[in-house]
Amino acid sequence: MLSVVTDYLTEALGHVEEDRSGSLAGYIPELAAADPHCLGAAFAMVDGTVYGAGDVDTAFTIQSISKPFVYALALADRGFEEVLAKVGVEPSGEAFNQISLEPGSGRPLNPMINAGAITAHSLVGSHDLDAAERTRRVIAGLSAFAGRPLSVDESVCSSEMAHAHRNLAIAHMLRSYGILDDDPRAVVDGYIRQCSVLVTARDLAIMAATLADHGLNPLSGERVVSESVIRQVLSVMATCGMYDAAGDWATQVGIPAKSGVAGGLIGALPGQVGIATFSPRLDAHGNSVRGVALFEQFSGDMGLHVM
Ligand code: DON
């Protein structure tokens with residue numbers, strides 16, 4: 001079994017290897033310095049078996065793939081009512097870094113875009129946590145999803161923070177509407193640390209498998225969040241996880257998913273498998289070009305379309 005799945009993954013990588021299209025995320029200087037040739041894919045089954053091919057142990061920053069997990073932590077810590085009062089669940093149809101706030105209330109449309117993710121970050125832990133404690137809780141929560149302690153890439157973190165004008169502007173808007181209660185700069189600082197957590201494709205597959213296993217980490221056996229939280233998270237990934245490409249993704253791949261600008265991409269099939277790919281060149285939506293192509297192959301070859 002091991003070699004059959006690994007051979008399949010190796011062959012799938014071979015089909016996309018020559019594709020040099022797309023470009024590195026230029027708005028974070030440190031990400032623009034990444035190796036564009038990296039390519040890897042991993043499957044983590046809900047029984048804990050992990051299969052991988054290519055660059056599955058190369059570390060890169062999680063970026064927006066942190067968003068569904070931090071949304072899960074916010075729901076677990078504050079409850080659905082409090083979180084839904086501050087972050088909606090509607091696709092924005094806009095790019096991830098647009099303001100996309102509901103007219104009138106100022107509530108971000110969903111937790112997968114930056115506005116909603118910055119808000120979700122601020123909702124982790126109890127009300128009285130200070131910014132540094134909240135960020136520690138976020139990183140501990142991401143580590144529980146991965147089943148091992150994760151750390152922050154300080155150079156990516158400071159590189160993004162030095163160019164965070166757009167996220168700071170969004171956070172100030174959120175503060176003016178009373179959606180954020182805390183200092184906007186401190187929240188953005190914590191959100192950017194969250195995005196700078198280092199993972200491998202293997203880690204991401206296990207994190208996705210924890211979603212697929214309804215909140216149980218298949219490696220550590222730890223229950224990270226409840227089944228009802230996971231249901232909410234997978235629904236939002238299905239409708240909003242691929243931003244303004246969510247419709248194309250739903251029809252062509254049909255798996256709840258989330259992408260990140262460092263080139264990671266995850267998909268979770270409930271009860272079955274967590275899938276992760278890594279390839280840094282991005283399309284115009286900020287999604288990995290070869291990652292999307294790999295997921296199209298996986299979905300087609302194995303009939304994984306569930307949406
Ligand atoms: O806030 C940002 O812009 C980045 N830290 C994360 C954006 C991202 O990963 C978008 N996804 N494809």
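**Exercise 1. Find which residues of H3 and H6 meet, and describe how the two helices cross.**

*Solution.* Start with the contacts: Ser66, Phe69, Val70 and Leu73 in H3 meet Val138, Gly141, Leu142 and Phe145 in H6. Sort these by class, and the contact of H3 with H6 has six nonpolar, two polar and no charged residues. Keep in mind that you are looking at a predicted model.

Next, think about the geometry. Two packed helices are described by the angle between their axes and the distance between the axes. Here the axes of helix H3 (residues 66–78) and helix H6 (residues 131–146) come within 10 Å, and they cross at roughly 110°. Angles of 65 to 115 degrees count as roughly perpendicular, so H3 is roughly perpendicular to H6.

**Exercise 2. Locate Asn114 and Val261, and decide whether each is buried or exposed.**

*Solution.* Begin with the record: the "binding site" annotation in the unreviewed UniProt entry includes Asn114 and Val261.

Now place Asn114, which lies in helix H5 (residues 114–122). A residue is buried if 20 or more other C-beta atoms lie within 10 Å of its own. Asn114 has 23 such neighbours, so Asn114 is buried. Setting aside residues within four places in sequence, its contacts are Phe96, Asn97, Asn167 and Ile170. One of these, Asn167, is also covered by the annotation.

Val261 sits in the loop between strand E5 (257–259) and strand E6 (264–269). Its count is 24 other C-beta atoms within 10 Å, so Val261 is buried. Not counting residues up to four places away in sequence, Val261 touches Ala25, Leu31, Gln63, Ser64, Leu282 and Gly286. Look for Ser64 in the record, and you will find that the annotation covers Ser64 too.

**Exercise 3. Look at the backbone of Gln63 and Tyr243: what is the phi of each, and where do these residues lie?**

*Solution.* First, a rule to compare with: most residues other than glycine have a negative phi.

Gln63 is not a glycine, yet has a positive phi of about 50°. You can find Gln63 in the loop between strand E3 (60–61) and H3. Its 27 other C-beta atoms within 10 Å make Gln63 buried.

Tyr243, also not a glycine, has a positive phi of about 55°. Tyr243 lies in the loop between helix H11 (227–240) and helix H12 (246–252). With 25 C-beta neighbours inside 10 Å, Tyr243 counts as buried. To finish, check the record once more: Tyr243 is among the residues covered by the "binding site" annotation.

Methods
Residues are numbered from 1 along each chain as its sequence is written. This is a predicted model: local features need pLDDT of at least 70, side-chain atom pairs count only at pLDDT 80 or more; totals for chains, interfaces and linings use all residues. UniProt positions are given in the numbering used here, feature names are shortened, and annotations may be inferred rather than shown by experiment. Helices (H or I, at least four residues) and strands (E, at least two) are DSSP runs, numbered from the N terminus. A residue is buried if 20 or more other C-beta atoms lie within 10 Å of its own, exposed if 12 or fewer, and partly exposed in between; C-beta atoms are placed from the backbone. Two residues are in contact if their C-beta atoms, placed from the backbone, lie within 7 Å. Axes are lines fitted to C-alpha atoms, for helices over the stretch in contact, and angles run from 0 to 180 degrees between N-to-C directions. Angles under 35 degrees count as roughly parallel, over 145 as roughly antiparallel, 65 to 115 as roughly perpendicular and the rest as oblique. Ala, Val, Leu, Ile, Met, Phe, Trp, Tyr, Cys and Pro count as nonpolar, Asp, Glu, Lys and Arg as charged, and the others, Gly among them, as polar.
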